[in-house]
Amino acid sequence: KSVTYNASLDAIISSTTNSTNTVVLAWREKPKKHLQMTSFNIAQGIHAFDYHSRLNLIATAGINNKVCLWNPYVVSKPVGVLWGHSASVIAVQFFAARKQLFSFSKDKVLRLWDIQHQLSIQRIACSFPQSQDFRCLFHFDEAHGRLFISCNHQLALLAMEREASTRVKSHKSAVTCVLYHSVLRQVISSDVGSTVCFWMIDTGQKIKQFTGCHGNAEISTMALDANETRLLTGSTDGTVKVWDFNGYCHHTLNVGKEGVVDISQILVLKKTILVTGWDRYDMPHIAPKWKALSRAITVFRPQNFNQFFIHPEEWEGGIQHRDDIICAAFLPPQTLATGSYDGEIVLWNNSTGNAHYVLHPDYQRLLQSKSDIEPQKLLSAGRSCSSRPTAEQATLGASSYETGTECDNAVMRLCFLEARKNTAATGGANLVSCGGSGYVRLWDTFKKQLLAEFLAHSGVGSIIMATDKLNQYLATGDLNGCLKIWNIEEESCLDPTEHSLLDKKDKDEPTYNVGSSEVINLAIKYKERNIYKKKTHNLYSSEILQKSSSVFRSLSIGVLKELPEVNKPAFLLDPEKYFREEPEEACPQTPEPPSL
């Protein structure tokens, strides 16, 4: 009936309409001249067959109305039988991508089968003219999803519809914020359509949903109170609403004072609720009023919530930022940090409301009073002198810089590393910031220094981040949907008095970089080896070793342009000397490093 050669089996397959030797497989073994053969016996014979290499199955179109599935190495019985046709089957073909099978019978009925469950999932009756004797050709173009069936002088074309997306969408609109309720073990999410949904973390089942929380305004951020009994939602309409978990709104906090303010963060503390936001629409005729509002911290005190509509109280620290405040973070007992669009981080005393320091990647300044804006020299070393503003530039403020520079330094997220209790005494980073141009920066708020920075995401604009409770890992995400996990635990394990690597000769290149945990561990060994070379050979007499609080200052990631030739270490050349059971004499404190 038909003969074909199959490359994956390296065998010739033939079929017949006889009940004996219905399907024959023949192959040649190299030492032998004659073909080796095996056969299947199928009652009444078959019209056609097809082979699926990945499933290792042969499908046969039986004259007895059955479609049988065979293992080429098991000839005693089929591994599956597909029942459903009421006439003899004349054509079969596998749909490899979906693990499905087409079959066509003499009564012009087409069936599509699921091979794994051996069930018919679709039946199509083709409208060919009725005739007892006809010639049929059958071909499926899997690449384009088209099935061709010919019956005598007619040709039928069946085009498959594109597979509908099986991706489940939790919201009808774009999701804007996600929280985790540790007591109820539920996930709370919000969207731009002003809808809040509650989900079971174990099963993913939606428990409840609040719609129209802020009318048609977008929910931009959410927060839970300390006891996780109230949900606070902030919107682009300039209000913050306080909800219980039954969907009842207890209070509306008027942040924008009837203005259009996009609320970026709600920080719930023990005695206060701090709200930051920015002027979403740059309208010149009202810009001065709302710009002043967006550069100040809005404060509410829950003990004074005796009405439904609550107006903000005055923040005693006044306005210290030159641009919109985007984010904030709190470190007990009283340290508050706020970040703005121009890259400035202001450190406050939350108890008194007074600001005392401004941190910036290119400068810093001490705030002795509300009007003190005189900058000071950057304490952390390693940055290019060309990137540091002059005193006149800093006095004019970050708003006088180029727009691209402002966007590069914009602080989108702040996070205190609360698990690191001894950073005040031992040194090291206790504050992490991220934002414009994909950079992550680590700060020491006690010494008022930028300790390290690295490019987490390149060419994607601003990013966001979060850290675990132990502050071992940092997760960063960008607008392209890329999520990266960074090991930042090594930074706190180093002695702050250790020396960093030799500075690069090209001062224009940044020296603060970080990588994954494996690269960080490699950097520690690489750093020690280079310090030994500095002491023993004095190869870089013109360079100055700088003190570092972090290994991040000493690691640079980039494309390896030239692979140095490294000799085998001494312990590999003479393992008996280093790994014998009997103790050896003490080795010198400064071993000779392998030469590059």
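I would like to begin with R185, which forms a salt bridge with D202, the closest N and O atoms being 3.1 Å apart. Please keep in mind throughout that what we are looking at is a predicted model. R185 sits in the loop between strand 16 (175-181) and strand 17 (186-191), while D202 sits in the loop between strand 18 (196-200) and strand 19 (206-210), so the pair ties together parts that are 17 residues apart in sequence. As for their surroundings, R185 is partly exposed, with a relative accessible area of 40%, and D202, at 58% relative accessibility, counts as exposed.

A search of the whole structure finds four salt bridges, and I will take two others from that set. In one of them the side chains of E344 and R322 meet, with a distance of 2.4 Å from N to O. This pair links distant parts of the chain, since E344 belongs to the loop between strand 29 (335-340) and strand 30 (345-349) and R322 to the loop between strand 27 (309-310) and strand 28 (325-331), 22 residues apart. Are E344 and R322 buried or exposed? Both are buried.

The other is formed by E453 and R441, whose closest N and O atoms are 2.8 Å apart. Here E453 lies in strand 36 (residues 449-455) and R441 in strand 35 (residues 439-444), so this salt bridge ties together parts that are 12 residues apart in sequence. E453 is buried, and R441 is buried as well.

Let me turn to the nonpolar cores. The largest of them has 17 residues, and those with the most contacts inside it are V432, V440 and L474. Strand 34 (431-435), strand 35 and strand 36 each supply at least two residues of this core, and strand 36 gives the most, with three residues. If we look at V432 in particular, and leave aside residues up to four places away in sequence, its contacts include V440 and L474, together with L414, C415, M465 and also R441, the residue that forms a salt bridge with E453. Apart from this core lies another, of 16 residues, among them A91, F102, F134 and F138. As general background, in soluble globular proteins nonpolar side chains tend to be buried together.

My last topic is the stretch around strand 21. For "repeat: WD", an unreviewed UniProt entry lists residues 82-123, 219-246 and 318-358. Over residues 219-246 the chain is 0% helix and 57% strand, with the end C-alpha atoms 18 Å apart.

Within that stretch, how many of the five residues of strand 21 (residues 231-235) are buried? Five of the five are, so the strand is largely enclosed by the rest of the structure. Both of its faces are covered, with L231, T233 and S235 buried on one side and L232 and G234 buried on the other.

Strand 21 also has partners to mention. With strand 20 (residues 219-224) it pairs in the antiparallel sense over five bridges, and I219 has S235 as its bridge partner in strand 21. The hairpin of these two strands, strand 20 and strand 21, has six residues between the strands, and there E228 takes a positive phi near 60°. With strand 22 (residues 239-243), strand 21 pairs in the antiparallel sense over four bridges, and G234 stands opposite V240. That hairpin, of strand 21 and strand 22, has three residues between the strands, and G238 in the turn has a positive phi of about 85°.

Note on methods: Residues are numbered from 1 along each chain as its sequence is written. This is a predicted model: local features need pLDDT of at least 70, side-chain atom pairs count only at pLDDT 80 or more; totals for chains, interfaces and linings use all residues. Side-chain values use heavy atoms; hydrogens and water are left out. Buried means under 20% relative accessible area, exposed over 50%, partly exposed in between (1.4 Å probe, protein chains only). UniProt positions are given in the numbering used here, feature names are shortened, and annotations may be inferred rather than shown by experiment. A nonpolar core is a set of buried Ala, Val, Leu, Ile, Met, Phe, Trp, Tyr and Cys residues joined through side-chain atoms within 4.5 Å. Contact means heavy atoms within 4.5 Å. Two strands pair if DSSP finds at least two bridges between them.
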